[in-house]
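I opened my notebook to look up a helix crossing and a DNA-facing surface. Here is what I went through.

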There are 2 protein chains.
Amino acid sequence: MRLTTKGRYAVTAMLDLAIHYDQGPITLADISARQEISLSYLEQLFSKLRKNELVNSARGPGGGYRLNRPADDVAVAEIIAAVDETVDATRCKHKGNCQHAERCLTHDLWCDLSDQIFDFLANISLGSLVKKQAVQDVARRQDKALPINGAEIGLKEHSVA
Amino acid sequence: MRLTTKGRYAVTAMLDLAIHYDQGPITLADISARQEISLSYLEQLFSKLRKNELVNSARGPGGGYRLNRPADDVAVAEIIAAVDETVDATRCKHKGNCQHAERCLTHDLWCDLSDQIFDFLANISLGSLVKKQAVQDVARRQDKALPINGAEIGLKEHSVA
DNA sequence: AAAATACTTGACTAAAACACTTGGTTTTCT
DNA sequence: AGAAAACCAAGTGTTTTAGTCAAGTATTTT
């Protein structure tokens with residue numbers, strides 16, 4: 001089983017997108033600054049997220065990324081799967097050929113555990129996370145620390161009128 | 001989060017011990033043959049298992065390892081912890097200092113997941129695994145493939161009378 | 001006492017995975 | 001035109017994994 005910063009970063013970035021959904025396309029530079037994830041690493045992750053149709057993108061100035069679906073319809077398990085992390089605790093990928101052609105002594109145990117973990121993450125949506133008070137608190141703290149883009153976006157919106 | 005062959009091997013070896021409990025001390029050579037785990041790697045693992053008082057050992061010919069407690073009282077979670085694997089999915093080890101001194105956006109999510117995994121593994125004992133039909137089937141297959149030591153132990157027990 | 005067997009310890013290592021970095025290209029807005 | 005952003009492909013240093021190897025210590029049998 002493997003659940004490392006790659007999967008965590010992907011979920012964090014997607015949550016950042018969900019939280020700032022009303023601000024239009026969000027640039028990776030913004031996410032990088034708020035969540036402290038290397039920009040080029042984010043690019044790699046978002047390439048996969050886009051291929052899995054979890055986000056859509058707009059190029060050029062004013063561009064960025066947006067959720068492709070309502071936050072309530074995006075499960076954490078999907079995000080982790082999209083960046084190629086598996087939540088599988090078996091060595092045989094559920095195939096049951098862990099010892100020669102047969103299953104090893106603990107095959108079923110790891111299968112059960114994997115299923116348990118997957119179910120947990122499949123039943124948590126980005127939307128449900130956004131609604132949590134603790135998440136809102138952290139988001140507010142992060143926005144306070146980096147109010148650069150709120151101002152810029154405000155300017156841009158006024159310039160239309 | 002990290003759950004690799006180290007933890008899996010440790011649990012598998014302990015389960016082997018539980019299954020062959022009635023045969024007296026089990027040598028690592030036997031476990032190595034049955035479970036196909038390198039002998040010196042097993043030595044490393046059992047060193048830790050012994051320090052955590054999950055097994056006890058007997059030296060000299062006829063020696064080996066035994067469970068230190070009834071199989072029903074040994075949780076899988078303990079075994080994994082004993083070989084230094086953590087089931088913790090957070091980057092901050094539950095401390096909440098994932099972003100500077102504060103918690104990151106997804107801190108609570110990983111905490112909840114970690115707790116879920118831990119609970120699952122803490123509530124599964126070696127004893128409950130031994131009782132499973134699938135485990136018994138695999139064990140019988142393994143014993144059939146390597147009947148060497150059953151014979152030796154039989155001889156030794158007769159020589160006492 | 002000697003030999004056989006079993007456990008202990010610590011150093012070492014090849015390969016893989018991780019977490020990026022570098023250096024671009026392309027598209028779009030102003 | 002120029003800047004801002006997404007997009008893409010390789011490369012890279014570090015850490016972890018999953019062991020191996022070598023030498024030694026302890027115990028029991030004969």
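I began with the crossing of H1(A) over H2(A), which is right-handed (the near helix is turned clockwise from the far one by less than a right angle). I took helices (H or I, at least four residues) and strands (E, at least two) from DSSP runs, numbered from the N terminus.

This is a predicted model, so I noted that local features need pLDDT of at least 70 and side-chain atom pairs count only at pLDDT 80 or more, while totals for chains, interfaces and linings use all residues. Residues are numbered from 1 along each chain as its sequence is written, chains are lettered from A and ligands numbered from 1 in the order written, and side-chain values use heavy atoms, without hydrogens and water.

Next I looked up which residues make the contact (heavy atoms within 4.5 Å): Thr12(A), Ala13(A), Asp16(A) and Leu17(A) come from H1(A), and Ile31(A), Arg34(A) and Gln35(A) from H2(A).

Then I turned to DNA strand D. Of the 25 residues around this strand (a heavy atom within 4 Å), Ser57(A), Tyr65(A), Arg2(B), Ser38(B) and Arg59(B) come nearest. Sugar and phosphate make up 76% of the strand D atoms that come within 4 Å of the protein.

I also checked polar contacts (N or O pairs within 3.5 Å). A backbone N or O atom of Leu28(A) sits 3.0 Å from a phosphate oxygen of DNA strand D. For the side chain of Arg50(A), an N or O atom is 3.3 Å from a phosphate oxygen of the strand. The side chain of Arg59(A) has an N or O atom 3.2 Å from a sugar or linking oxygen of DNA strand D.

Methods: Polar contact = N/O pair within 3.5 Å; in protein donor to acceptor, adjacent residues only side chain to side chain.
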